[in-house]
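Please open the structure in your viewer and keep the selection panel at hand. The tour below goes from one selection to the next and says what is there at each stop.

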Amino acid sequence: MNPTRYSIGIDIGGTKIAAAMVDGFGRASSVLTVPTPAKAGPRAILDAAAGLVERVVDVSGIVPAAFGLGSAGAFDLEGTVVSSTEHLSNWAGTEVAAELQRRLGSPVSVLNDVHAAALGELWTGQVPRSSMLFIAVGTGIGGAIVVDGRVMRGVSGLAGSIGHVTVRAARSRMCSCGVPDHVEAYASGPAIELTYRDLTHTRLTLPEIGSRALSGEPEALAVIREAAALLAESVATTVTLSDPGAIVLGGGVLGLGEVFAAPLASHLAAHLPPLYAATTLEAAMLGNNACLAGAAGVALRVLDGASMSDFVA
């Protein structure tokens, strides 16, 4: 791709919407965010996204060649949400690509946010690879299985949804999808906050819990280690089914650092037989910008004549 051409990447999550100007190397600039009006419905969410894009254009002074969006939910190849949890209220059925095109006046390439993040890491990571399992642990837990350079969608667009693998927890808890005991209900950011509150009767944010864990508080350490152990169980199941070359971890919960990453790695090693020792466990290189880079990269490639089926299978 021409590195002097720019596209705007948009990331709609359950907590915030981000947008940035992205060059042909996947480098994001003029990154702006707003809270997601998640409970206000699709119109409010898309209005907020379009308004943020206009601000990015104003701040950067650059006219983008294309627009790409990654969002929570499963999408068809035309950019319509085919299924979604209630992290985004009434999101299922929304014609996101068409609605954003109407607001922005230009076509928008749309795909799942974790799929976009996986492609961003694939295209801009320092280590070339064609096979990996990408996992994002944030407001929810999402995953993407990359094979031969393409993200696997599956029949329903939900392939790689690692957050909805059932785990064996000490208590039963309902997942955001309406099914009990999925790992997202125990190891996502809000889930860790809820577990800490249940244990201590104290309401703290995830960074505050992380700070207490770093200071050695037993309750904070126990809650984070339990979340890491349950996530490792889910990851191990997915690894045995997909046999990726690497496991790449992203998302806000990874901001907890070693108090989360170390027990995750330890429990993962305990769950996997030695024959999977060649599968590396790595932190995402792009951090919170992975989805922005992937969505923007898809948009530029579509502008050059590619189709969505070139990126997702």
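In what order do the strands of the open sheet that contains E3, E2, E1, E4 and E7 lie, and is its pairing mixed? Before selecting them, keep in mind that this is a predicted model. The order across this open sheet of 5 strands is E3-E2-E1-E4-E7, and the pairing is mixed. Colour strand E3 (28–35) and strand E7 (108–112) to mark the edges, where each strand pairs on one side only. As you look across the sheet, the twist from one strand to the next averages 15°.

**Strand E1 and its partners**

Select strand E1, residues 7–12, together with strand E4, residues 66–71, and you will have two strands that run parallel and are joined by 6 bridges. Within this pair, Ile-8 stands opposite Phe-67, while Ser-7 has Ala-66 of E4 as its bridge partner. Now add E2 to the selection: E1 and E2 are also joined by 6 bridges, but run antiparallel, and they form a hairpin with 3 residues between them. One place to look along this hairpin is Ile-10, whose bridge partner in E2 is Ala-19.

Is E1 buried or exposed? Of its 6 residues, 6 are buried, so E1 is largely enclosed by the rest of the structure. In a regular strand the side chains alternate between the two faces of the sheet. If you show the side chains of E1, you can follow Ser-7, Gly-9 and Asp-11 on one side and Ile-8, Ile-10 and Ile-12 on the other, with both faces covered and all of these residues buried.

**Helices on this sheet**

Next select helix H9, residues 290–303, which packs on the sheet and touches E1, strand E2 (16–22), E3, E4 and E7, its direction making about 135° with that of E1. Add helix H2, residues 96–104, which also packs on the sheet, where it touches E1, E4 and E7 and has a direction at about 145° to that of E7.

**An aromatic pair**

Where should you look for aromatic rings that pair with each other? A search of the whole structure finds 1 aromatic pair. Select Trp-123 and Phe-311 to see this edge-to-face pair, with 5.8 Å from centre to centre and 80° between the planes. Because Trp-123 lies in helix H3 (residues 113–124) and Phe-311 in the segment after H9, the pair ties together parts that are 188 residues apart in sequence. The two rings can also be compared by their surroundings: Trp-123 counts as partly exposed at 29% relative accessibility, whereas Phe-311 is buried, with a relative accessible area of 5%.

**Another open sheet**

Move on to the open sheet of 5 strands whose order is E10-E9-E8-E11-E12, again with mixed pairing. Its edge strands are strand E10 (150–151) and strand E12 (280–283), each of which pairs on one side only. At the E10 edge, E9 and E10 pair in the antiparallel sense over 2 bridges, and Val-147 has Arg-150 in E10 as its bridge partner.

**The nonpolar cores**

The largest nonpolar core has 40 residues, and those that touch the most other members are Ile-135, Ile-141, Ile-192, Leu-231, Val-235, Leu-256 and Phe-260. Several elements supply at least two residues each, among them strand E8 (132–137), strand E9 (141–147), helix H5 (189–200) and helix H8 (258–271). The largest share, 12 residues, comes from H7. To explore the contacts of one member, centre the view on Ile-135, which touches residues including Ile-141, Ile-162, Val-235, Ile-247 and Leu-249. A second, separate core of 29 residues includes Ile-12, Ala-38, Val-81 and Val-108.

**The cysteines**

As a last stop, select the cysteines: how many disulfides are there? The count is 0 disulfides, and for Cys-177 the nearest cysteine sulfur, that of Cys-175, is 3.7 Å away, whereas a disulfide needs sulfur atoms within 2.5 Å. Cys-177 counts as partly exposed, at 34% relative accessibility. Cys-291, by contrast, is buried with a relative accessible area of 4%, and because its sulfur is 20 Å from the closest cysteine sulfur, in Cys-175, the distance is too far for a bond.

Conventions:
Residues are numbered from 1 along each chain as its sequence is written. This is a predicted model: local features need pLDDT of at least 70, side-chain atom pairs count only at pLDDT 80 or more; totals for chains, interfaces and linings use all residues. Side-chain values use heavy atoms; hydrogens and water are left out. Buried means under 20% relative accessible area, exposed over 50%, partly exposed in between (1.4 Å probe, protein chains only). A nonpolar core is a set of buried Ala, Val, Leu, Ile, Met, Phe, Trp, Tyr and Cys residues joined through side-chain atoms within 4.5 Å. Helices (H or I, at least four residues) and strands (E, at least two) are DSSP runs, numbered from the N terminus. Contact means heavy atoms within 4.5 Å. Two strands pair if DSSP finds at least two bridges between them. Axes are lines fitted to C-alpha atoms, for helices over the stretch in contact, and angles run from 0 to 180 degrees between N-to-C directions. Rings of Phe, Tyr and Trp (its six-membered ring) pair if their centres lie within 6.5 Å; planes under 30 degrees apart count as stacked, over 60 as edge-to-face and the rest as tilted. Lists of a residue's contacts leave out its neighbours within four places in sequence.
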